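Visitor: Before we begin, I should like each label that you use to be justified by its criterion. May we proceed in that manner?

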Amino acid sequence: MDKSLLSYINWGLLACMLLLYVVGVGNLYSASGTRVETGLAFNSFYQRQIIWGLCGLACMLLAMTFDYRQLRNLAWPFFLLTLLLLLLVPIAGKTVYGAKRWISLGFMSIQPSELAKLSVLVLAARLLARDSLPLGWKDFMSVLFICLLPCALIITQPDLGTTMLILLILAGMILFHGLRGYVLKTCLLAVPCVGAFMWFVGMHDYQRQRILTFLDPTTDPRGTGYHIIQSRIAIGSGELWGKGFKEGTQSQLRFLPERHSDFAVAVFGEEWGFVGCVALVTLFCLFLLSIFSTAVQAKDRFGSMLVVGVFFYFFWQILINMGMVIGIMPVVGIPLPFISYGGSATVVNFTLLGIVLNVSMRRFMFKG
Amino acid sequence: MFRKAKKSLLGAGEKPARKGIRSWLKIQVESEGYQPPRGGVILLQVLVGLLFFVFVVRFWYLQMHRGADFAQQAQNNRLRIERIFAPRGRIMDDQGKVLADNRTAYGLSLVREDCPDIPATLAQISAWSGIPLPQIWDKFRQDRFKVKSFEPLLMITDIDFDLVARIESEIYAWPGLEIVVRTKRSYPEKDLFAHVLGYVAEANEQEMAADSALAMGDLVGKQGLELELEKQLRGRKGLYDVEVDAHSRVLGKFLREEPRGGKEIRLSLDRDLQEAAWNALGGEAGCVVVMEPDTGKLRALVTSPAYDNNLFAAGISQRDWDALRTNSRYPLQNRVIQSVYPPGSVWKLVVAAMLLERGVNPRESVQCTGQVKLGNQIFRCWKRGGHGAQDMQSALINSCDVYFYQMGERMGIDKLEEFAKASGFGRPTGIDLPHEKSGLVPSKEWKRRRFGRPWVRGETYNVSIGQGYTLVTPVQMAVFVSGLLNGGELLKPQLLDDAQREVKGRIPAKASTLNFVVEAMRKTAGGGTARVVGRKDADMGGKTGTAQVVKLKMAANDRRLRTHEMEYAQRDHAWITTWGVKDGKSYVVVVMVEHGGGGSSVAGPVARKVYDHLFGPDPNAPAAPVVQAPASPGERAD
């Protein structure tokens, strides 16, 4: 690797990301504690998160070693491989919690839908990098339909969260790239219609229930609404300064559900209060802005689109997860990057950031 | 479609791919000077700005604006308040003998949330206790929603100790079940004080709604003093702050408030005297009131038949309840305060006092020929041959009906009504027991309202000798007689040892009037109809009464039927109101025997036995108990 490349690296992004990772592990340490008669008992979530983080950092370094423009060539084969795996899921997949999402490879299980996020992102970047003109109907539809293929397979697993995330990343990238005025207007009109269609035809009862409960959590305080109510209590009870590290009663006494994964940020809010939450939101925004700066500085359209894809990948997860935890979004099983526990998610996050750093490093390089 | 899309997107702007992996992997270099789309750049900046703004506002709302509220909710989540039962105050007699006690009882409760298999668990409860399963299910369904799912639901109570031991050894296999210890009320004297003490039972929904301190399973007074003194007896529960997790596991307990036991109550009643009076009644339906005329304190308050109030305290079965409710002798009725009777001749004390106050000369005589005619109606004296010339005192001593017919007629019903009401009749005495009856003092106005007909003169005759519509409770009678002795004060009958004397009214009569009536009672006990209670070693007074329940029943030969010849429900009520003073202690004893027959022959001996207990046996009494036989066949001393 050229040594000069390192001087171009986006150090701000690296700093934000490592800081978030450290905050996440610290928070998981606290969230792992449960109060028992004798004091606090910790389970091993935070230790595992550290190991996953190290794996992620390795993958990130790996993702920085090659020229990102190679990805442009790999986009289609990667995409087709993903489709193949997704097709295998209904045949060879194993069922966990009533959904078939995993393929067992013997020594480990992989989730093709995770792969789909990456391959759609890369392929969309390639497709959208073709020219600078706002998309007309034809191109818009082409991009949309190609990317809808994996989505159609994923939603039957069923996995609404991932499907939604892929579509949102795509939408973000398309919006960034730009649409012809009439296409944009038509889409804006179509969204409510598609929404209504989804509500009446495409959704499971439990999903509909979640949205209803989101609108009024008190209708089902013991069931679906329990998560939202307890999470709001946890965060709200942090008040200005929070209850202090490892002092959150909501999490330690197990009132807060999913406190390692989807609701991890509620533990943070309870223990660090308004001050901590504003700091965390600020950190996330700086993180997003540093990705954004790479997207703007990228030397080519493909790199820029790639980074924009990563930007939206993080943006939507932050918005949906934190929004859910603070009660302004319905409960959808989407983790918060760096804060929620999750092995493969951590690895994917670091890998994607490796790509962003890759783009930032090579922003002045023209020869491959 | 797939191909077409590929073509349109890949076809232009890209060089046709050359053959071979190497060339395929070759990086395509774009032209210099890439500028990101302006709209896209703004979009991203706006999105990040919005994210920041919305989240900070929301966090401010949750943590600052409503933070205190949520902090309270988190606290409520964390801490659960557990009650510590306060022992209910015991009730004792004047000597400290315990009449209402607390005992430990074991129960089995079910925490629904911790119970994985409710049907099997209920079946096991049934197997242990021997209570049929459907009954257990009924109890479960009935009480299920009265407690929260993490709170114990009391399934069976009062488990005997052997069974507790057995359940204890097997309970580990039944998560959600736990043995709970509660105190239960017990009444060692059972029937003897049943009506005075009443009983406690588990609070029902109305009681819980009305009193926030009550929770499911709490005992609350339902009758008698247990009800009347509920506030003092109950005490105050203590509180534990219990730190729990979301699965209700208890992690720590902190005492927040000590329980405060209820007040111990000492009654003015004397358990031994109560028993003596109970035995004296000998199972007859009736009642005995023993009262101190100077203080108003009650020394005995017996009503018979009674019931075992422990049945209620333990949770009465439907069968026992039905048996009590439908018993023709009304064991649930507290006859001292809840039953009203015609007073019969004891009423003559009231009428005599009224006559004196209205200026009647006590020496004025009335000729008793055994009957008085009013129109075509004949009003008889109890003595068929008549008493001859009777002044007021001899009319009281002999209980001459004709004297009172005529005098009552002369005064009229209005004056009689006014005096009787002022003397405490027709209204409750204010005793500390629930559901006291008022009795009835009839008047012209009352009759018009009640029957829509005017008062007739014959009715005044009847009322003058304590018949007709007049109804009194035995305790009213005791208060009145006490008033005669204490200078006219109508005292509230007190049940508590430390009760203050409380004057509820005055008999509207001069001291001389009261003295006259008291003297007449003394003479009646000395040699008149109440001589059954007379004794040499004490100053005694009395007045008997035989109150007709139905119109006079005449046998074919124009004589009154004897008591044993009549249906029980048609027999006369026997009354005696007495007072006795010995060694500076004075008592008023009122005995009423329902459908007992003659006052002197049935109620008298009961009162006598009570005095034997109060004053010791009469040293001058004949060996055989004194039972006054009717003076002559067909007549009964009244």
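Guide: Let us start with burial: a residue is buried under 20% relative accessible area, exposed over 50%, and partly exposed in between, with a 1.4 Å probe and protein chains only. This is a predicted model, in which local features need pLDDT of at least 70 and side-chain atom pairs count only at pLDDT 80 or more, while totals for chains, interfaces and linings use all residues. Residues are numbered from 1 along each chain as written, chains are lettered from A and ligands numbered from 1 in the order written, and side-chain values use heavy atoms, without hydrogens and water.

Visitor: Why is Asp139(A) called buried?

Guide: The relative accessibility of Asp139(A) is 16%. Buried means under 20%, and therefore Asp139(A) counts as buried.

Visitor: What makes Asp139(A) and Arg130(A) a salt bridge?

Guide: A salt bridge requires a side-chain nitrogen of Lys or Arg within 4 Å of a carboxyl oxygen of Asp or Glu. The N to O distance between the side chains of Asp139(A) and Arg130(A) is 3.1 Å, which satisfies the 4 Å limit. Arg130(A) has a relative accessible area of 21% and is therefore partly exposed. By this rule, the count over all chains is 47 salt bridges.

Visitor: Why is the pair of Glu226(B) and Arg185(B) said to tie together parts that are apart in sequence?

Guide: The side chains of Glu226(B) and Arg185(B) meet at 2.8 Å, N to O, in a salt bridge. Glu226(B) belongs to helix 10 (residues 224–228) of chain B and Arg185(B) to strand 5 (residues 177–186) of chain B, so the pair ties together parts 41 residues apart in sequence. Helices (H or I, at least four residues) and strands (E, at least two) are DSSP runs numbered from the N terminus. Glu226(B), at 0% relative accessibility, counts as buried, and so does Arg185(B), at 2%. Both residues belong to a network of salt bridges that also links Arg88(B), Asp211(B), Glu230(B) and Arg234(B).

Visitor: How do you know that Glu364(B) and Arg410(B) form a salt bridge, and are they buried or exposed?

Guide: Their closest N and O atoms are 2.4 Å apart, within the 4 Å limit. Glu364(B) lies in the loop between helix 16 and strand 13 (366–368) of chain B, and Arg410(B) in helix 18 of chain B, 46 residues apart. As for accessibility, Glu364(B) has 27% and counts as partly exposed, and Arg410(B), at 46%, also counts as partly exposed.

Visitor: What makes Phe287(A) notable in the largest nonpolar core?

Guide: A nonpolar core is a set of buried Ala, Val, Leu, Ile, Met, Phe, Trp, Tyr and Cys residues joined through side-chain atoms within 4.5 Å. Of the 118 residues in the largest core, Phe287(A) and Met322(A) touch the most other members. Helix 13 (residues 301–325) of chain A gives the largest share of this core, 18 residues. Apart from it lies another core, of 97 residues, including Leu99(B) and Val590(B). Contact means heavy atoms within 4.5 Å. Beyond its neighbours within four places in sequence, Phe287(A) is in contact with residues including Leu13(A), Met17(A), Phe314(A) and Leu353(A).

Visitor: Which residues of helix 19 of chain B are buried, and what covers them?

Guide: In helix 19 (residues 413–422) of chain B, the buried residues are Ile413(B), Leu416(B), Glu417(B), Phe419(B) and Ala420(B). Their cover includes helix 16 (348–357), helix 18 (401–411), helix 20 (444–451) and helix 21 (457–464) of chain B. Just after helix 19, Gly424(B) takes a positive phi of about 100 degrees.

Visitor: How much of chain B is buried?

Guide: Buried residues make up 52% of the 638 residues in chain B. Chain B has 24 helices and 21 strands.

Visitor: Where is Lys297(B), and what does it touch?

Guide: Lys297(B) is in the loop between strand 11 (286–291) and strand 12 (298–304) of chain B. Not counting residues up to four places away in sequence, Lys297(B) touches residues including Ser268(B), Glu292(B), Gln494(B) and Asp497(B). Lys297(B) and Leu491(B) are 194 residues apart in sequence, with 8.8 Å between their C-alpha atoms.
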